[in-house]
6 protein chains.
Amino acid sequence: MTGSPDRLTRALSILDHLEPGAPERVRANLDAFHPDTAELVLGYAFADILGREGIDLRTREMMTVAMLAAMGTAQGQLEFHMRAALNVGVTREEVVEIVLQVSVYAGVPACMNAITAAREAFEAIDEG
Amino acid sequence: MTGSPDRLTRALSILDHLEPGAPERVRANLDAFHPDTAELVLGYAFADILGREGIDLRTREMMTVAMLAAMGTAQGQLEFHMRAALNVGVTREEVVEIVLQVSVYAGVPACMNAITAAREAFEAIDEG
Amino acid sequence: MTGSPDRLTRALSILDHLEPGAPERVRANLDAFHPDTAELVLGYAFADILGREGIDLRTREMMTVAMLAAMGTAQGQLEFHMRAALNVGVTREEVVEIVLQVSVYAGVPACMNAITAAREAFEAIDEG
Amino acid sequence: MTGSPDRLTRALSILDHLEPGAPERVRANLDAFHPDTAELVLGYAFADILGREGIDLRTREMMTVAMLAAMGTAQGQLEFHMRAALNVGVTREEVVEIVLQVSVYAGVPACMNAITAAREAFEAIDEG
Amino acid sequence: MTGSPDRLTRALSILDHLEPGAPERVRANLDAFHPDTAELVLGYAFADILGREGIDLRTREMMTVAMLAAMGTAQGQLEFHMRAALNVGVTREEVVEIVLQVSVYAGVPACMNAITAAREAFEAIDEG
Amino acid sequence: MTGSPDRLTRALSILDHLEPGAPERVRANLDAFHPDTAELVLGYAFADILGREGIDLRTREMMTVAMLAAMGTAQGQLEFHMRAALNVGVTREEVVEIVLQVSVYAGVPACMNAITAAREAFEAIDEG
């Protein structure tokens, strides 16, 4: 076993913080793939790394949004983390600044895709 | 003309903030390439975007380091921004957290390259 | 202010050249995100850089199509620039050559995605 | 001419191995783009390279799936090669291991996109 | 704590398999960065994922080499895994096939960089 | 056999056009790796694709430089193609424009790395 049973519990608790209800959906998807996946992947991402102290979750989400937008290879996850960023207190004004900063380091197309993701996140929040 | 003369001045002032002495070196490099480059590229990057309000320069550098590490295509600039991040108040503990977070979104090799850049930045600062 | 008011005007004029009617659509999208975006991003991309002399717009579009296809991270924008390339005089035969050249530098999957984008652009032009 | 007529024949035969029926569909798509494409691109990919001895097709598909998942720029082709891998004898258990290994070298979002592609391939096979 | 003390021990044992002597060097590098890094990053990469059953280490190294070559963002690690692949039984003929296959999925420049890494690995092994 | 013996001859002739003397150096490197590589990889890149009509070699090199700079994963080959572009008639002014255009589609760090490559190519040509 790679960790204690509560490693997954802690991971899912952070994921629920990022988007209430996400743990059920994400876990169902991962369990349908292979029962070890949730504990391994979410455990690493959320319990081992993002749950660490040293940087608060709000600033971490700002960096995650910036990274995913700059990489440009995971638009669906960029949309999720746009919503998650807003859910943990990143303001829309800050999202705008992150997206503009992406254009400097990854170019205008990456920025345009991030605008699409941001607008969808803004609408999802508006619709409650 | 793409901007007022002080667009470049403002850009170089931010660059000097990131690393004292950098404006002379960077500008000499760009001017030797083409005289328009500094105003266009630094003007866009620093005066137009990074100098905007809404997110402080310290948090912006955290995101820049995260993006460059995740993209993995500009190790030299990652080293520069590791030093710049430290120069504008990002702590070494925060650099560690950023680098670990990179492993989640861009994989372990990206994280390892970021560790190399971070260690060089730590040493450069130690040596004054 | 990062530029004179006509910086945006010049940018939109080039964008209209690339695809008649695009300025309204693109601008509406950017303005709905943040009112500064159009002037900053389109101003940089089109007024500052693509509107420069030294390389004609037709050759620039050939390079843009090649870059977007090779990067593989912005399929929607690749489709736009396929149409734009045809609109500014790149021939279908040249599009074929660009797409085949992409396979050498970025691999067969990048080439296949570019074929999809090219075929959609060909059809869009055929349908007028 | 870049090769003998049977270069394309050999390429299509390997493609048919990867997914029965694929040669017709793929070739129709390529021919509608330009009549040289199938011979050039499929000829290179399948007859020149993948048809070589030294590594069996099953192991080659494991590497193709790993590469496409890690690059993250061709989700459609990742789905095709997930199915192809299963068609040439890669087991579902092995697909799970490949996908988890992707998370180490390319990060969790790349792994998540590979899970989506794998689940679609599993379902496509189940549905026969 | 993210895992039991022997999680790191198991990770280092696999790393030693890949290249005798590597654990000391890698661990010294990671410990100089931050004492948690080895357990977190090596623990995830090697103990959690690569040490799993289902695919033998030899085939895993073939995929790792293919992924790193295709991504093109970690030449140093590509060189390491070229040597590691040879150390765990991948033949030079198989390395040649992997490198040629990279050209199909990631293009000729990626293939050329992989040739450089492979030749260095061949020489390192020859020199013992 | 994947092609006639003169497939390689034609490929090397184009490569010699790009940089006099390159065929010997490149071929020695590829032959030391595996005797099939030159015919397969250079044959595909140069004889099959870049030697095609429809776009002249000068415009093809402009696109190759743009692609390699935008991808950011093959700095050595970017340097080669910067020199090759100049060798086949691309002007320094055009190189400047290509490099600036890269900043729009791939970001400022990609542009900065292209400036480094361009300056080295300019110096190599100056030194004759």
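Four salt bridges, 4 in the count, run between chain A and chain B in this predicted model. One of them pairs Glu97(A) with Arg52(B), and here the closest N and O atoms sit 2.9 Å apart. Polar contacts add to the picture: 10 residue pairs make them across the interface of chain A and chain B, counting pairs with both residues at pLDDT 80 or more.

As for where the chain A side comes from, the elements giving two or more residues to the side that touches chain B are helix 3 (37-50), helix 4 (57-71) and helix 6 (92-106) of chain A. Sorted by character, the residues on that side of chain A come out as 19 nonpolar, 6 polar and 5 charged.

Now for the extent of the interface. Chain A puts 30 residues into the contact, and chain B puts in 30 residues. About 2,800 Å² is buried between chain A and chain B, with carbon and sulfur atoms giving 70% of that area. On the chain A side, Met67(A), Gln101(A) and Tyr105(A) lose the most area to chain B, and together they make up 26% of what that side buries.

That leaves the question of how the two chains are arranged. A turn of 180° with a shift of 0.0 Å along the axis lays chain A on chain B with an RMSD of 0.0 Å. The two copies are therefore related as by a two-fold rotation axis. Both copies use the same surface, as 100% of the contact residues of chain A turn up again in chain B.

Conventions:
Residues are numbered from 1 along each chain as its sequence is written. Chains are lettered from A and ligands numbered from 1 in the order in which they are written. This is a predicted model: local features need pLDDT of at least 70, side-chain atom pairs count only at pLDDT 80 or more; totals for chains, interfaces and linings use all residues. Side-chain values use heavy atoms; hydrogens and water are left out. Copies are superposed by least squares on the C-alpha atoms of residues with pLDDT of at least 70 in both. Contact means heavy atoms within 4.5 Å. Buried area is the accessible area (1.4 Å probe) that two parts lose on being put together, summed over both. A salt bridge is a side-chain nitrogen of Lys or Arg within 4 Å of a carboxyl oxygen of Asp or Glu. A polar contact is a pair of N or O atoms within 3.5 Å; within protein, one must be able to donate a hydrogen and the other to accept it, and residues adjacent in sequence count only if both atoms are side-chain atoms. Helices (H or I, at least four residues) and strands (E, at least two) are DSSP runs, numbered from the N terminus. Ala, Val, Leu, Ile, Met, Phe, Trp, Tyr, Cys and Pro count as nonpolar, Asp, Glu, Lys and Arg as charged, and the others, Gly among them, as polar.
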